[in-house]
Amino acid sequence: MADRVPIAHIAATVGLSRRFVYKWVRRFLAYGLAGLADTPGRGQRRGTRPQAALHNGMEGQEQDLRAVDVIYYVAASLDGSIAPADGTLSWLAPFESSGDDYGYTAFYQSIDAVLLGRHTFEHAATCAQWPYPNKPCWVFSQRRLHVSQPDVVVTARSPRAVVAELAARGYRRAWLVGGGQLAGAFRAQGLITEYIITVTPVILGTGIPLFGTLAPAEPLHLVASQVYPNGLVQLHYRRTHEA
Ligand SMILES: NC(=O)c1ccc[n+]([C@@H]2O[C@H](COP(=O)([O-])OP(=O)(O)OC[C@H]3O[C@@H](n4cnc5c(N)ncnc54)[C@H](OP(=O)(O)O)[C@@H]3O)[C@@H](O)[C@H]2O)c1
């Protein structure tokens with residue numbers, strides 16, 4: 001649906017395929033008029049894109065963004081919160097003692113960079129050990145933050161600008177750790193390509209939501225799912241319509 005008009009109806013009226021109309025409506029909803037000015041770069045596949053396209057005006061920047069998989073990998077309560085209202089993570093402690101890492105080690109090895117909102121960074125910084133070793137981290141904040149960890153950059157730039165920088169550096173997979181505010185901003189800008197949500201058998205009732213900002217509906221397809229004996233269910237989704 002686009003503004004309550006079925007995509008199929010728009011497509012039939014203008015004589016174009018539903019998939020084509022869907023893609024451009026989605027780009028408009030995500031990026032406004034700038035999204036319509038971009039050229040989708042049909043046929044350019046991830047990993048085969050020539051490096052010369054990297055800094056090539058708006059088209060080049062759009063291709064940069066598409067070169068990076070941004071994966072929102074997070075644990076959530078059944079009612080869609082990533083933490084209780086006080087922001088603490090002790091609600092996850094019962095699941096950390098199971099001896100299973102729920103695929104975390106393999107996932108961490110697969111990513112090139114880590115993206116954190118300021119609140120999430122402040123929580124991580126209180127850990128006895130820095131939770132994101134040996135990976136470059138970008139912390140999103142408009143403030144001057146005290147940072148003692150290596151490989152951490154504090155940035156006041158937009159999510160789009162940072163993803164373009166990741167692409168220019170040759171990074172291909174970024175872990176969007178969260179929290180909900182930053183994930184909401186990434187989703188509103190159409191930047192999240194995958195969601196790996198580990199649903200816990202807990203209803204928090206109140207707390208910090210998975211997404212702190214409203215954004216247009218987004219169809220996904222299920223890549224994998226895994227049920228763990230202690231009641232966790234890990235859901236791996238990917239965007240259905242790659243722009
Ligand atoms: N369950 C899990 O797996 C999981 C994962 C991650 C986080 N968490 C929890 O989530 C909580 C934090 O989430 P949160 O939603 O409160 O905060 P957050 O997303 O971590 O941080 C929000 C802050 O990021 C900065 N920011 C910079 N650019 C932004 C942009 N474009 N959009 C939004 N924010 C931007 C702002 O800081 P400035 O005001 O400094 O500009 C903003 O106040 C913590 O309790 C953390 O432990 C849970």
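Q: In what order do the eight strands of the open sheet stand?
A: The pairing in this open sheet of eight strands is mixed, and the order is E5-E4-E3-E6-E1-E7-E10-E9.
The model is predicted: local features need pLDDT of at least 70, side-chain atom pairs count only at pLDDT 80 or more, and totals for chains, interfaces and linings use all residues. Residues are numbered from 1 along each chain as its sequence is written. Strands (E, at least two residues) and helices (H or I, at least four) are DSSP runs numbered from the N terminus, and the order of the paired strands is E5-E4-E3-E6-E1-E7-E10-E9.

Q: Which strands stand at the edges of the sheet?
A: Two strands pair if DSSP finds at least two bridges between them. Two of the strands have a single partner each, so one side of each is left without a neighbour in the sheet. These edge strands are E5 and E9.

Q: What does the twist average from one strand to the next?
A: Axes are lines fitted to C-alpha atoms, for helices over the stretch in contact, and angles run from 0 to 180 degrees between N-to-C directions. From one strand to the next, the twist averages 20°.

Q: Which residue is the bridge partner of Gly117 in E4?
A: E3 and E4 run parallel and are joined by four bridges. In E4, the residue bridged to Gly117 is Phe140.

Q: What angle does the direction of H7 make with that of E3?
A: H7 packs on the sheet and touches E3, E4 and E6. Its direction and that of E3 make an angle of about 105°.

Q: Why does strand E9 lie largely in the open, and how many of its residues are buried?
A: A residue is buried if 20 or more other C-beta atoms, placed from the backbone, lie within 10 Å of its own. E9 covers residues 220-227, and since none of these eight reaches that state, the strand lies largely in the open. The number buried is zero.

Q: Which residue takes a positive phi in the hairpin of E9 and E10?
A: E9 and E10 (residues 233-239) pair in the antiparallel sense over seven bridges, with His221 opposite Arg238. Five residues lie between the strands of the hairpin, and the one with a positive phi, near 100°, is Gly231.

Q: Is Val152 in strand E5 buried or exposed?
A: Val152 lies in E5, which spans residues 152-155. It touches Cys137, Val139 and Val147 (contact: C-beta atoms within 7 Å), not counting residues up to four places away in sequence. Pro136 is 16 residues away in sequence but 6.1 Å away in space, C-alpha to C-alpha. With 20 other C-beta atoms within 10 Å, Val152 is buried.

Q: Which strand gives the most residues to the largest nonpolar core?
A: A nonpolar core is a set of buried Ala, Val, Leu, Ile, Met, Phe, Trp, Tyr and Cys residues joined through C-beta atoms within 7 Å. The largest has 42 residues, and Val70, Leu115, Val163, Ala174 and Leu176 touch the most other members. The elements supplying at least two residues each include E2, H8 (159-168) and E7 (194-199). The most, seven residues, come from E1.

Q: How many charged residues are in the shell around the ligand?
A: Of the 25 residues around the ligand (C-beta atom within 6 Å of it), Gly87, Gly117, Gly178, Gly179 and Ala185 come nearest. Among the elements that give two or more residues to the shell are H7 (118-125) and H9. Eleven shell residues are nonpolar and twelve are polar, while the number charged is two.

Conventions
A residue is buried if 20 or more other C-beta atoms lie within 10 Å of its own, exposed if 12 or fewer, and partly exposed in between; C-beta atoms are placed from the backbone. Two residues are in contact if their C-beta atoms, placed from the backbone, lie within 7 Å. Ala, Val, Leu, Ile, Met, Phe, Trp, Tyr, Cys and Pro count as nonpolar, Asp, Glu, Lys and Arg as charged, and the others, Gly among them, as polar.
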